[in-house]
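Q: Could you take a close look at the ligand site here, and then tell me how the rest of the protein is put together around it?

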Amino acid sequence: MLTALKPQPADAILKLMGMFKADPRADKIDLGVGVYKDAGGLTPVMRAVKAAEKALWETEVTKTYTGLAGEPDFHAAMAGMILGDAVPRDRVSAAATPGGTGALRQAFDLVRIAAPGRAVWVSDPTWPNHLSILNFLGLPVRTYRYFDADTRGVDFDGMMADLAGLASGDVVLLHGCCHNPTGANLTLPQWAEVAAALGRTGAVPLIDLAYQGFGDGLEADAAGARLLAQRLPEVLIAASCSKNFGIYRERTGILMAVSEAGAREVTQGMLAWLNRANYSFPPDHGARLVTMILGDPVLRADWQAELEEVRLNMLSLREQLAGELRRLAGSDRFGFIAQHRGMFSRLGATPEQVERLRTEHGIYMVGDSRLNIAGLNRDTVPVLARAVLAVGIGIRSGRREGSAGRRH
Ligand code: LMR
């Protein structure tokens, strides 16, 4: 049996991680995988997480199974953080999942069961693992235009034109904030237009919210999700605590389904059933820490303060990089870096230029020229800026970066 297996293509982001590790150059710079790093290159355990872990160690008396869909306290804490008071809680079902990716996987399974044959629409481009999982599950995938390769902003007219082709029951995967890989995001009025388009067509949004707190702040980053939840009868949200709580390896995420109140009980049962079928009980440690932090005013205030430091650090690196490139290039053509939000920006470089950055300058970014801003520090920003110009990025229009076809 096993001899019949064929090698699978490597995940581009994870492959890059391996290449970076193997590179012996001391001054190499990792702008690849989406992990926050401080100025010293460390992904720190947040203060509130450490404090919650200590308290948990002292008070936890059992490691028996949690609820099949996770703990209701975790659901309530996460619903509060993400949805605020946008919708009454009797419209919200939830299940704890292994990370945000686990939530996405469960959401896609839910779609497959609830709306067989319906397409899932993803932004062009999107996080490559969205496509890997969708293809693995055999769901029909369509793409909508999203990124304008010339302005490095959102191609909103293109997006709306494509969303006009939605059929009732189709699912539209939207990045709640901090679009991965481009860093270009919808404004609130644009979210309202998307909500109207979904309302007109009867399509259902699935919001991937992996970076809440990394863009414009905890509240602002959830504003699009809240608006959709207020205006539409059904919304799915796959959220991750990996980044905003810095608990990547604890695999902490949640799938929330906002439905009409009458559909809640069956939906909640379905989410628990999906957990049972896929991995049984979800991991608990990270979810418990998050619940403790969100439920304790002192821990919560400290966590929010540290998260805000992280966000402002990334913003200031953006400003510094855009400023450095403005100075060296004598033009504003890299101004989009300061406009983008979250960890990522797509530079608009060719694959050859990305390759030269790696081989000639020891600078690692994903092949589509996505760079992780948090991989920089004040000393490496000028190094990157000089290398970007040395390999000629931004000299050509970047058109080659554009859409690669409408279907996957
Ligand atoms: C990323 O996009 O780099 C992160 O979401 C990490 C991953 O798993 O790909």
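A: Let's sort out residue classes before anything else: Ala, Val, Leu, Ile, Met, Phe, Trp, Tyr, Cys and Pro count as nonpolar, Asp, Glu, Lys and Arg as charged, and the others, Gly among them, as polar. On that scheme, the shell around the ligand has 4 nonpolar, 2 polar and 2 charged residues. Bear in mind that this is a predicted model, where local features need pLDDT of at least 70 and side-chain atom pairs pLDDT 80 or more, while totals for chains, interfaces and linings use all residues. Numbering runs from 1 along each chain as its sequence is written, and side-chain values use heavy atoms, leaving out hydrogens and water.

Who's in that shell? Ile 13, Val 33, Gly 34, Trp 127, Asn 180, Tyr 211, Lys 243 and Arg 370 surround the ligand, each with a heavy atom within 4 Å of it. Now for the polar contacts (pairs of N or O atoms within 3.5 Å). Arg 370 puts a polar side-chain atom 2.9 Å from a ligand oxygen, Trp 127 has one 3.0 Å from an oxygen of the ligand, and for Lys 243 the distance to a ligand oxygen is 3.4 Å. On its own the ligand has 260 Å² of accessible area, and the protein covers 81% of that (Shrake-Rupley method, 1.4 Å probe).

Just along the chain from Trp 127 comes helix H5, residues 128-137; helices here are DSSP runs of H or I with at least four residues, strands are E runs of at least two, and both are numbered from the N terminus. Asn 129, His 130, Leu 131, Ile 133, Leu 134 and Leu 137 of H5 are buried, meaning under 20% relative accessible area with a 1.4 Å probe and protein chains only. Their cover includes helix H4 (99-114) and strands S3 (120-124), S4 (141-145), S7 (171-175) and S8 (204-209), going by contacts, that is, heavy atoms within 4.5 Å. After H5 comes Gly 138, with a positive phi near 75°.

Zooming out, the protein has 14 helices and 13 strands. Of its 408 residues, 56% count as buried. Its radius of gyration, taken over C-alpha atoms, is 21 Å, which agrees with the value near 22 Å for a compact globule of 408 residues; that rule is 2.2 Å times the number of residues to the power 0.38. The C-alpha trace spans about 60 × 55 × 55 Å along its principal axes.

Terms used
A polar contact is a pair of N or O atoms within 3.5 Å; within protein, one must be able to donate a hydrogen and the other to accept it, and residues adjacent in sequence count only if both atoms are side-chain atoms. Buried means under 20% relative accessible area, exposed over 50%, partly exposed in between (1.4 Å probe, protein chains only).
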